[in-house]
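Student: I would like to learn how to read a protein model feature by feature. Could you take me through one?

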Amino acid sequence: MQAAASPLLHSGFQASVQRVPEYPALSLRGQTWTYRELDGIARVWASALVKLEKRPKRVGILGHRSLVTYAGFLAALYAGATVVPLNKKYPVARNQDVLERAGIDVVLVDQGSLAQLGRLLDGLADAPSTVLPESDEAPANLPEGVRVLTRRDLEDCVPLAEPATADPEDGAYLLFTSGSTGRPKGVPISHANVTAFLAANTERYGFTAQDRFTNTFDQTFDLSIFDLFMAWGSGGCLVPMDSFDLMTPLDFVRRNDITVWFSVPSVAVLQHRRGVLEPDSLPSLRWSLFCGEALPAATAQAWQEAAPGSVLENLYGPTEATIACLVHRWDPRTSPAGAVNGVVSIGSPYPGMAAAVLDEDGRPVPDGETGELCLAGTQVFEGYLNAPEQTESAFHTTVSEDGGIRRWYRTGDLVRRTAEGAHGYVGRLDTQVKILGHRIETGEVEAHLLRQEGVAQAVVVAVPGDEEGVTVLAGILAGDDLDVYEVDDRLRETLPPYMIPLTYHLLDTFPLNVNGKVDRKVLREQVVSGDLEPVLL
Ligand code: AMP
């Protein structure tokens, strides 16, 4: 097991390289790399990164479930950099925004993402250098002056003898989450933040070198950090799933003898609704872990029956408090009673973390009453990237009787605490929604809609989709000479696919509430009831 005091995100991996060098660390589409091999690749690539930039501060990874996304992550850490995952499924404009705002020095790119690279670097004042470990040649359309190392160049690189040292307070990774003002917010997570998370899980789960882990999440979703570094810290094997596997996840578990399952609840909800979650059908699982959105009790029950040999847990946490920081262990006898509106409790805080339920002035609310869940402790980030005002409004500061000052991160989640210290999940304070686990500020989608020609007013709401248990976005628009097809096309140029409304609805004027504000509730009801018909796309 990884030592509890491991100071850096990749320390557990390095310990496993020493301890179980010939064990499989990564199994990707039938090909397997041992710990020794993966370490060797990461050292060569890290040496390439250092060759391009003596001490790269931030390394971007543009790839999708390829060797580059896994070994590249380690290589960037070995080079002493903060890792900034990009996503090839996102529009170029969005990746470009991240590239610029994060100040990425070097970007590692896999073969499958090469087509985007030229456009990504086009027009950048300070284009990063690139490493293309899977390509023999650089694309012809790269802007002039961009430094490139290809697979051939890497053959001449001497593996980095010693990974660069880093301070625990240095950034381990930097992710961008949806921002209500129209721009994603950068969330820097330090080595100290993430190693606290890993240590808590190491203690809790006691994974071993025989464990086989899924990777259902893209790297732009922080839950993927759990998969990579919990697998590697325990000497186990990471077995990533591709898009096809994600459509038939239960077969994947069976085919690959998976022992640790981790996904958003939506994956399980879909299997449950489709009737394929049969009792005793997942015998290899030891752990069934869910995080990222509300877990319906009925789904937890069905999954537990399908995998009776596993312990099922509901993890909770925002990116800002490093992956997950509250957890509830499902017990078929007691958990259903602890559910609020059919949603499984999010349990109690991890060691090293504290949870408070506060009112809007930052005062504690009594147990049993609804308030905002606020978090403090080693996993909580320092603040958003270059956004002091957003950081300021994300925290409450409390002063205890003995004068102790505590900074509480305001999650925006509404909870009710029980007398035993468990937290029932009630919903959101704001208009943030989750679509298949993806965090979306509807305000961000609205801001992008309002930029489109002809759109005078825009409201985005989350509504139940045709498939039971699935939530989708509906965009309600008003404006003269509005071409919905054009608006939808344009939106796809700037927003990731999961942020695009599934349906659009047109209105002449928006209903207002008693305060004179657009009445979102009424609009949502009109979409759900079918009174507001969708425009056919
Ligand atoms: P993200 O930063 O993308 O991880 O999203 C964090 C948000 O996801 C939280 O603030 C919650 O609204 C939601 N969330 C995460 N885990 C759970 C859970 N187990 N139950 C309910 N909501 C959750």
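Tutor: Gladly; we will go through cavities, strands and a few single residues in turn. Keep in mind that this is a predicted model.

Student: Let's start with empty space. How many cavities of 30 Å³ or more does the structure hold?

Tutor: The general idea is that rolling a probe the size of a water molecule over the atoms shows where empty space is left. In this structure there are 2 cavities of 30 Å³ or more. The largest cavity has a volume of about 90 Å³.

Student: Which residues line the largest cavity?

Tutor: The lining includes G63, H64 and R65, then T69 and Y70, then L86 and N87. Further along the sequence, N215, F217, D218, Q219 and T220 also line the largest cavity. By class, the lining has 3 nonpolar, 7 polar and 2 charged residues.

Student: Now the strands, please. How do I read a pairing?

Tutor: Strands of a sheet pair through backbone hydrogen bonds, either parallel or antiparallel. For a parallel case, look at strand β10 (residues 212-215) and β11, which are joined by 4 bridges. Within this pair, F213 stands opposite L238 in β11.

Student: And which pair gives me an antiparallel case?

Tutor: Try strand β20 (residues 405-417) and strand β21 (residues 423-428), which run antiparallel and are joined by 5 bridges. Here V415 faces Y425 in β21. The hairpin of β20 and β21 has 5 residues between the strands, and G421 takes a positive phi near 90° in that hairpin.

Student: What about the two sides of a strand?

Tutor: In a regular strand the side chains alternate between the two faces of the sheet. Strand β11 (residues 237-240) is a good example, with both faces covered. C237 and V239 are buried on one side, and L238 and P240 are buried on the other.

Student: In what order do the strands of the open sheet with 3 strands come?

Tutor: The order is β24-β25-β26, and the pairing is mixed. β24 (457-464) and β26 (503-506) are at the edges with a single partner strand each, so one side of each is left without a neighbour in the sheet. On average, neighbouring strands of this sheet are turned by 25° against each other, direction ignored. β24 and strand β25 (residues 471-478) run antiparallel, joined by 8 bridges, and V460 has G475 in β25 as its bridge partner.

Student: Which helix lies across β24, β25 and β26?

Tutor: That is helix α17 (residues 520-529), and it runs at about 55° to β24.

Student: Let's finish with single residues. Why does T34 count as buried?

Tutor: The cut-off is under 20% relative accessible area. T34 counts as buried because its relative accessibility is 13%. T34 lies in strand β2 (residues 31-34). Apart from neighbours within four places in sequence, T34 is in contact with P21, E22, Y23, P24 and A25.

Student: Which residues take a positive phi although they are not glycines?

Tutor: T322 is one, with a positive phi of about 60°, and I323 is another, at about 70°. T322 is found in the loop between β14 (311-316) and β15 (326-329), and I323 has its place in the loop between β14 and β15 too.

Student: Are these loop residues buried or exposed?

Tutor: T322 counts as buried, because its relative accessibility is 0%. I323 is buried as well, with a relative accessible area of 0%.

Technical notes: Residues are numbered from 1 along each chain as its sequence is written. This is a predicted model: local features need pLDDT of at least 70, side-chain atom pairs count only at pLDDT 80 or more; totals for chains, interfaces and linings use all residues. Side-chain values use heavy atoms; hydrogens and water are left out. On a 1 Å grid over the protein atoms alone, a cavity is a set of points where a 1.4 Å probe fits but cannot get out, and a pocket is an open set with protein on both sides within 12 Å along at least five of seven lines; lining residues have an atom within 4 Å of a point. Grid points are joined across faces, edges and corners, and a volume is the space filled by probe spheres set on the points. Ala, Val, Leu, Ile, Met, Phe, Trp, Tyr, Cys and Pro count as nonpolar, Asp, Glu, Lys and Arg as charged, and the others, Gly among them, as polar. Two strands pair if DSSP finds at least two bridges between them. Helices (H or I, at least four residues) and strands (E, at least two) are DSSP runs, numbered from the N terminus. Axes are lines fitted to C-alpha atoms, for helices over the stretch in contact, and angles run from 0 to 180 degrees between N-to-C directions. Contact means heavy atoms within 4.5 Å. Buried means under 20% relative accessible area, exposed over 50%, partly exposed in between (1.4 Å probe, protein chains only).
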